[in-house]
Amino acid sequence: VVLCFASLAAAAPYGEIHLVANWSYPDYAFRSELEHTHYLSEKLYQTTFLAGVKASSDGTLYLSTPRWSSPKTPSALSRLIFANGEPRLDPYPSWEMNNQTIPILSDDDSHIHSVLGFEIDPFDRLWILDQGPWYAPHPMPSRPKLIIWDLVHNKSISTFVFGPEVASAENSFLNDIVVDATRNVAYISDSGLVSGDHDQLNGALIVFKLGTNGAASSARRVLARHFSTENNDTYTVEAADSRLPWMRTGADGIALSADRETLFWCPLSATSLYSIKTSLLSDMST
């Protein structure tokens with residue numbers, strides 16, 4: 001596993017790539033040698049793979065390792081530290097918050113289950129998109145949620161559990177998130193799943209508004225099962241003259257323009273890019 005960091009520099013118009021860490025398998029800053037031995041003997045490193053990486057203002061790197069196959073993966077979110085010069089994953093915000101209860105508790109909102117997409121805004125707020133206990137049978141016993149964490153003071157700002165009308169515990173797959181920090185609005189791509197009698201993906205975008213000055217936070221689901229958030233059934237991948245099996249994945253990649261006025265997104269199993277004015281989405285009354 002190799003972790004690199006790209007930075008733009010005036011003297012290097014194409015940026016510079018710096019090697020930050022490399023190891024043969026992701027390893028943790030375990031609290032005891034017994035934990036480390038268990039991690040190795042159970043080959044839990046095979047369920048630990050790096051998905052997302054973000055940097056805070058002080059240069060600390062945070063990494064997501066989604067739990068898609070096993071609750072025993074030590075963490076879903078970590079910060080990168082070094083122990084005796086060796087890179088280690090340190091579960092964040094804590095080991096306790098990343099702990100998974102077996103059997104899974106119903107409506108467990110105090111633990112982080114599975115994280116793929118997350119964001120750090122200019123105010124050093126960490127927006128943690130928890131997909132829920134993805135490794136469990138669906139519908140999941142705990143709902144997807146959004147945790148906002150203050151990195152400067154290392155404390156919780158908000159935890160918002162999405163209602164069933166916004167994110168389904170059965171056929172939602174909360175993929176990625178972008179944040180307009182000045183407006184306290186987050187935009188989330190839901191790739192969707194096929195479930196039940198529906199052959200159509202449950203793709204959508206989710207708009208979240210963080211409550212301030214005493215106002216409650218809110219969220220809504222938009223463009224649900226719209227062609228712009230669904231897969232393209234004619235999309236295929238071919239290699240060496242052979243058609244490869246390809247997963248059906250709806251809204252995936254998501255980005256904001258520099259002025260935060262336009263939202264861009266695209267389904268993974270398609271070839272189109274879509275956009276919309278954020279003013280049409282961030283006004284929760286429309």
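Q: Which helices each supply at least two residues of the lining of the largest pocket?
A: This is a predicted model, so everything here is read from computed coordinates. The largest pocket is lined by 17 residues. Two helices each give at least two residues to that lining, and they are H1 (33–41) and H2 (95–98).

Q: Which residues lie nearest the centre of the largest pocket?
A: The pocket holds about 340 Å³ of space. Its lining has seven nonpolar, five polar and five charged residues. Out of the 17 lining residues, the ones nearest the centre are Lys72, Thr73, Pro74, Trp95 and Asn99.

Q: How many nonpolar residues are in the lining of the second largest pocket?
A: Here the space comes to about 170 Å³. Trp68, Trp134, Phe173, Leu193, Met247 and Leu268 are among the lining residues, and so are Arg248 and Asp252. Four residues of the lining count as polar and two as charged. That goes with a nonpolar count of six.

Q: Which strands sit at the edges of the open sheet with the order E17-E18-E19?
A: This sheet has three strands, with antiparallel pairing. An edge strand pairs on one side only. On average, neighbouring strands are turned by 25° against each other, direction ignored. The edge strands are E17 (251–256) and E19 (274–277).

Q: Which residue in E19 stands opposite tryptophan 265?
A: Strand E18 covers residues 262–267. It pairs with E19 in the antiparallel sense, over four bridges. Opposite tryptophan 265, in E19, you'll find tyrosine 274.

Q: Is leucine 263 buried or exposed?
A: Leucine 263 lies in strand E18. Buried means a relative accessible area under 20%, and leucine 263 has a value of 0%. So leucine 263 counts as buried.

Q: How many Å separate the C-alpha atoms of leucine 263 and tryptophan 68?
A: Tryptophan 68 is one of the residues lining the second largest pocket, while leucine 263 belongs to strand E18. Along the chain, leucine 263 and tryptophan 68 are 195 residues apart. Their C-alpha atoms are separated by 28 Å.

Q: How many residues apart in sequence are the parts tied together by arginine 88 and aspartate 27?
A: The side chains of arginine 88 and aspartate 27 meet in a salt bridge, 3.9 Å from N to O. Arginine 88 is in strand E6 (residues 86–91), whereas aspartate 27 is in the loop between strand E2 (12–22) and H1. Aspartate 27 is buried, at 6% relative accessible area. Because of where the two partners lie, the pair ties together parts whose separation in sequence is 61 residues.

Q: Which residues are joined with Arg31 into one network of salt bridges?
A: Start with aspartate 180 and arginine 183, whose side chains meet in a salt bridge at 2.7 Å, N to O. Aspartate 180 is buried at 1% relative accessible area, and arginine 183 is partly exposed at 32%. Elsewhere, salt bridges that share partners make a network, in which Arg31 is joined with Glu35 and Glu96.

Q: What is the distance between the closest N and O atoms of arginine 31 and glutamate 35?
A: Arginine 31 is exposed, with a relative accessible area of 52%. Glutamate 35 counts as partly exposed at 25%. These two form a salt bridge, and their closest N and O atoms are 2.8 Å apart.

Q: Why is strand E13 largely enclosed by the rest of the structure?
A: Strand E13 covers residues 204–209. It pairs in the antiparallel sense with strand E12 (residues 185–190) over six bridges, and likewise with strand E14 (residues 218–222) over five. E13 is largely enclosed because the number of its six residues that are buried is five.

Q: Which residue in E14 stands opposite isoleucine 206?
A: Isoleucine 206 is in E13, where it stands opposite isoleucine 188. E13 and E14 pair in the antiparallel sense. The residue opposite isoleucine 206 in E14 is arginine 221.

Q: Which residue takes a positive phi in the hairpin of E3 and E4?
A: Strands E3 (residues 52–55) and E4 (residues 61–64) pair in the antiparallel sense over four bridges. Glycine 52 has serine 64 in E4 as its bridge partner. Five residues lie between the strands of this hairpin. The residue with a positive phi, near 90°, is glycine 59.

Terms used
Residues are numbered from 1 along each chain as its sequence is written. This is a predicted model: local features need pLDDT of at least 70, side-chain atom pairs count only at pLDDT 80 or more; totals for chains, interfaces and linings use all residues. Side-chain values use heavy atoms; hydrogens and water are left out. On a 1 Å grid over the protein atoms alone, a cavity is a set of points where a 1.4 Å probe fits but cannot get out, and a pocket is an open set with protein on both sides within 12 Å along at least five of seven lines; lining residues have an atom within 4 Å of a point. Grid points are joined across faces, edges and corners, and a volume is the space filled by probe spheres set on the points. Ala, Val, Leu, Ile, Met, Phe, Trp, Tyr, Cys and Pro count as nonpolar, Asp, Glu, Lys and Arg as charged, and the others, Gly among them, as polar. Two strands pair if DSSP finds at least two bridges between them. Axes are lines fitted to C-alpha atoms, for helices over the stretch in contact, and angles run from 0 to 180 degrees between N-to-C directions. A salt bridge is a side-chain nitrogen of Lys or Arg within 4 Å of a carboxyl oxygen of Asp or Glu. Buried means under 20% relative accessible area, exposed over 50%, partly exposed in between (1.4 Å probe, protein chains only).
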